[in-house]
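Please look over the model below. The report that follows covers a surface patch, a tryptophan and the aromatic rings.

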Amino acid sequence: LVMVELPKVCAPLSHVRSRSDAMYAIYPGQGARFAKHIDNTVEDGRRLTLLCYLNPNWKRAHGGALRLFPPSGPPVDVY
């Protein structure tokens with residue numbers, strides 16, 4: 001579904017044809033987080049990172065944003 005629908009709204013991802021192995025993580029809350037990192041240091045062609053929250057009744061106030069660090073400018077939180 002993602003690989004079919006995403007190119008319709010994001011042209012730079014229209015060349016995505018396959019997927020790589022998934023990473024699975026569970027965090028207990030109360031400020032738990034994944035350490036700041038670069039997703040694709042080996043430049044193997046990966047272009048897309050997908051986060052999926054499966055918490056029933058999740059609200060933005062619970063936290064859980066993806067924090068992006070652009071080359072210039074302040075960090076950007078994506079919910």
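## V76 and its strand

In which strand is the place of V76? V76 sits in strand β2. The model is a predicted one, and the values here are computed from it.

How buried or exposed is V76? Its relative accessibility is 39%. V76 therefore counts as partly exposed, because that class lies between the 20% limit for buried and the 50% limit for exposed.

## The nonpolar patch

V76 belongs to a nonpolar patch on the surface. The other members are L51, Y53, L66, L68 and V78. Together the six residues have about 470 Å² of accessible area.

Two elements each give two or more residues to this patch. They are β1, spanning 66-68, and β2, spanning 76-78.

## W58 in the loop

W58 is found in the loop between α1 (2-9) and β1. Its relative accessibility is 30%, so W58 counts as partly exposed.

Which residues does W58 touch, leaving aside those up to four places away in sequence? The contacts are G63 and Y79. V9 lies 49 residues from W58 along the chain. The C-alpha atoms of W58 and V9 are 25 Å apart.

## Aromatic rings

How many aromatic pairs does the structure hold? The count is zero.

A lysine does sit over a ring, however. K36 lies over the face of F69. The distance from K36 to the ring centre is 4.2 Å.

Notes
Residues numbered from 1 in each chain as written. Predicted model: local features only at pLDDT ≥ 70, side-chain atom pairs only at ≥ 80, totals over all residues. Heavy atoms only, no water. Patch = residues over 30% accessible without salt bridge, like charges linked within 9 Å, V, L, I, M, F, W, Y side chains within 5 Å. Areas by Shrake-Rupley, 256 points an atom, 1.4 Å probe, with all protein chains shown as cover. Salt bridge = Lys/Arg side-chain N within 4 Å of Asp/Glu carboxyl O. Helix = DSSP H or I, 4+ residues; strand = E, 2+ residues; numbered from the N terminus. Buried < 20%, exposed > 50% of the residue type's maximum accessible area, 1.4 Å probe, protein only. Contact = heavy atoms within 4.5 Å. Phe/Tyr/Trp six-rings, centres within 6.5 Å; stacked < 30°, edge-to-face > 60°. Lys NZ or Arg CZ within 6 Å of the ring centre and 35° of its normal.
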